[in-house]
Amino acid sequence: MQSEHDPLTGVANRRRLEHLAEGWLQDRTFEHLAVFMIDVDYFKPFNDNYGHVAGDKALKAVAAKLDALFQYKSEVVARFGGEEFCIVIASSMPIDCDEVTSRIHFGINELQIEHAHSTVSDYLTVSIGGLYSIGSKKNSYANLVRLADKELYQAKQSGRNRSSVMEMITSEESSQTDESE
């Protein structure tokens with residue numbers, strides 16, 4: 001049997017994330033689904049200057065903080081690969097994405113992990129891309145992740161230590177985009 005947890009950080013891995021998200025997409029009680037892609041800013045310079053042991057320690061701290069912030073059964077934190085994490089939240093009620101991204105930024109800032117080789121802060125920061133889907137039954141998990149990843153790219157392009165979230169309404173209405181810091 002293959003593991004469903006990342007061996008370094010202990011949070012879920014991509015396999016577990018995909019399994020849970022696909023189930024939530026089929027569950028009619030979850031009309032609202034949000035996917036957040038989180039990338040540790042300037043992680044390569046962090047690793048290069050502080051070493052891989054410090055890099056692993058930082059990833060474990062980020063994973064533990066994210067895991068502590070999202071504890072409901074309908075929330076899952078996963079290491080997506082390298083210095084990238086993904087959070088999926090399923091709900092029968094609307095999801096306040098600004099609150100979620102603020103909670104993530106505040107939580108990572110609380111860690112106060114020194115990062116003298118970052119151009120945006122003296123401490124480790126993250127960029128966040130999100131996709132909030134209402135009526136997500138017609139969507140696939142892979143498509144939602146792809147769209148959240150595009151938003152992550154936007155957040156990184158606009159200066160890092162930022163968030164960009166897109167709202168998608170799947171019921172024949174047009175989608176709208178909301179970008180926030």
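**A walk outward from strand β1**

In β1, the residues H32, A34, F36, I38 and V40 point one way, while L33, V35, M37 and D39 point the other way, and all of them are buried. That pattern fits a general rule: in a regular strand, side chains alternate between the two faces of the sheet. Keep in mind as you look around that this is a predicted model.

The strand itself spans residues 32–40 and is mostly covered, with nine of its nine residues buried. What does β1 pair with? It runs antiparallel to strand β3 (residues 84–91), and eight bridges join the two. To find this pairing in the viewer, start at D39, whose bridge partner in β3 is E84. Strand β4 (residues 126–134) is also antiparallel to β1, joined to it by nine bridges. Here a handy landmark is H32, which has I134 as its bridge partner in β4.

Now let's turn to the side chains. The largest nonpolar core has 28 residues, and those with the most contacts inside it are F36, I38, L66, F85, I87 and I104. At least two residues of this core come from each of β1, α2 (43–50), α3 (52–69), β3, α4 (97–111) and β4. Helix α3 gives the most, with five residues.

I38 makes a good viewpoint for seeing how these elements meet. Setting aside neighbours within four places in sequence, I38 is in contact with L66, E83, E84, F85, I87, I104, V126, S127 and I128. Apart from the largest core lies another, of 25 residues, and A12, L33, V76 and F80 are among them. Recall that L33 and I38 point opposite ways from β1.

Note on methods
Residues numbered from 1 in each chain as written. Predicted model: local features only at pLDDT ≥ 70, side-chain atom pairs only at ≥ 80, totals over all residues. Heavy atoms only, no water. Buried < 20%, exposed > 50% of the residue type's maximum accessible area, 1.4 Å probe, protein only. Helix = DSSP H or I, 4+ residues; strand = E, 2+ residues; numbered from the N terminus. Pairing = 2+ DSSP bridges. Core = buried A, V, L, I, M, F, W, Y, C linked by side-chain atoms within 4.5 Å. Contact = heavy atoms within 4.5 Å.
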